[in-house]
Amino acid sequence: MTGIKTALSSAAGASLIAFSLLSPQSANAATTSSDSTSVQASSAEQNAKFPGIRTWRPEHVSNMCITAHGGARKGAKVDQYTCVGQSNQRWFVGDVTGRPPVYRFQISSDSGLCLDIPRGNKKNGTQLQLWTCNGSINQQFQMSCSSANETKCRIAPHGTSFRKCLSVKGGSTANNAALIIWDCNSAKDQSFRFRKA
């Protein structure tokens with residue numbers, strides 16, 4: 001597996017970031033659009049607070065990174081694994097539209113694969129996966145973040161108004177614990193940090 005150890009320098013204070021994407025369509029559909037091509041960060045994006053290459057770390061456990069299980073490939077399940085510095089733990093947080101900010105999470109910036117909710121199923125326990133980037137609502141997320149020494153964020157599927165959040169299954173501290181959708185609560189396994197990779 002893979003991972004990255006890097007420092008994130010961020011300004012103190014608080015910010016609210018909204019993550020979402022483009023028009024609804026099935027992420028598991030065979031069709032793709034120009035959006036399925038790789039996302040390249042502009043210089044403006046790289047200088048912004050979130051857009052750019054990041055490692056993505058659960059707050060409830062140390063030295064774990066959100067990881068594409070088995071590598072960056074279509075259909076790979078997303079879970080947590082010890083940070084080891086490989087490309088399947090490097091996420092491009094891409095700003096796709098204007099205000100509120102609209103983003104997607106793409107693994108290894110040139111892969112063409114994005115974080116995806118299988119078949120748009122937002123029920124508790126649904127594990128996130130990688131799928132071809134296609135601009136679907138399955139690949140849209142909102143994020144509420146605050147800054148101190150590092151950025152801490154809660155992440156919600158777009159349209160759930162933080163009734164549902166991304167969570168590490170069962171608050172597990174073990175390798176391969178799934179990144180799932182769950183009812184939003186105050187648990188630390190629903191809080192994540194992003195560090196420049």
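Here is a short chat about reading a predicted model of one protein chain.

Me: Where do I start? How many helices and strands does the chain have?

Reply: Start with the elements and their order. This chain has one helix and 13 strands. Reading from the N terminus, the order is β-α-β-β-β-β-β-β-β-β-β-β-β-β, with the helix sitting after β1.

Me: Okay, and what share of the 197 residues is buried?

Reply: Buried residues make up 49% of the chain. As for the outside, the chain exposes about 8,200 Å², and carbon and sulfur atoms supply 49% of that area.

Me: What should I look for on the inside?

Reply: Here's the general idea: in soluble globular proteins, nonpolar side chains tend to be buried together. In this model, the largest nonpolar core has 27 residues. Trp56, Phe105, Leu115 and Leu166 are the ones that touch the most other members.

Me: Let's take one of those. Which residues is Leu166 in contact with, leaving aside its neighbours within four places in sequence?

Reply: Quite a list! Leu166 is in contact with Trp56, Leu115, Leu128, Phe141, Ile155, Leu179, Ile180, Ile181, Asp189, Gln190 and Phe192. Try clicking through them in the structure.

Me: Some of those are a long way off in sequence. What share of contacts in the chain joins residues at least 24 apart?

Reply: Among contacts between residues at least 6 apart in sequence, 63% join residues at least 24 apart.

Me: Now the rings. How many aromatic pairs does the structure hold?

Reply: Six aromatic pairs. To read a pair, check the distance between ring centres and the angle between planes. The centres of Trp56 and Phe194 are 5.6 Å apart and their planes meet at 20 degrees, so this pair is stacked. Trp56 lies in strand β2 and Phe194 in strand β13 (residues 192-196), so the pair ties together parts 138 residues apart in sequence.

Me: Are Trp56 and Phe194 buried or exposed?

Reply: Buried: Trp56 has 0% relative accessibility, and Phe194 has a relative accessible area of 1%. Then look at Phe105 and Phe141, an edge-to-face pair with 5.7 Å centre to centre and 75 degrees between the planes. Phe105 is in strand β6 (residues 102-107) and Phe141 in strand β9 (residues 141-147), 36 residues apart. Phe105 is buried at 1% relative accessibility, and Phe141 is buried at 0%.

Me: Which residues form the aromatic cluster?

Reply: Trp56, Trp91, Phe105, Phe141, Phe192 and Phe194 form one cluster.

Me: What about backbone angles? Which residue in the loop between β2 and β3 has a positive phi?

Reply: That's Asn63, with a positive phi of about 55 degrees although it is not a glycine. Its loop runs between β2 (52-58) and β3 (64-68), and Asn63 is partly exposed at 33% relative accessibility. Arg119 also has a positive phi of about 55 degrees, and is not a glycine. You'll find Arg119 in the loop between β7 (113-116) and β8 (129-132), where this residue is exposed, with a relative accessible area of 67%.

Me: Is a loop residue such as Ser191 buried or exposed?

Reply: Check the accessibility of the residue itself. Ser191 is in the loop between β12 (179-183) and β13, and at 11% relative accessibility Ser191 counts as buried, because the cut-off is under 20%. The side chain of Ser191 makes a polar contact with the side chain of Glu59, at 2.5 Å. Leaving aside its neighbours within four places in sequence, Ser191 is in contact with Arg57, Pro58, Glu59, Lys152 and Cys153.

Technical notes:
Residues numbered from 1 in each chain as written. Predicted model: local features only at pLDDT ≥ 70, side-chain atom pairs only at ≥ 80, totals over all residues. Heavy atoms only, no water. Core = buried A, V, L, I, M, F, W, Y, C linked by side-chain atoms within 4.5 Å. Buried < 20%, exposed > 50% of the residue type's maximum accessible area, 1.4 Å probe, protein only. Contact = heavy atoms within 4.5 Å. Helix = DSSP H or I, 4+ residues; strand = E, 2+ residues; numbered from the N terminus. Areas by Shrake-Rupley, 256 points an atom, 1.4 Å probe, with all protein chains shown as cover. Phe/Tyr/Trp six-rings, centres within 6.5 Å; stacked < 30°, edge-to-face > 60°. Polar contact = N/O pair within 3.5 Å; in protein donor to acceptor, adjacent residues only side chain to side chain.
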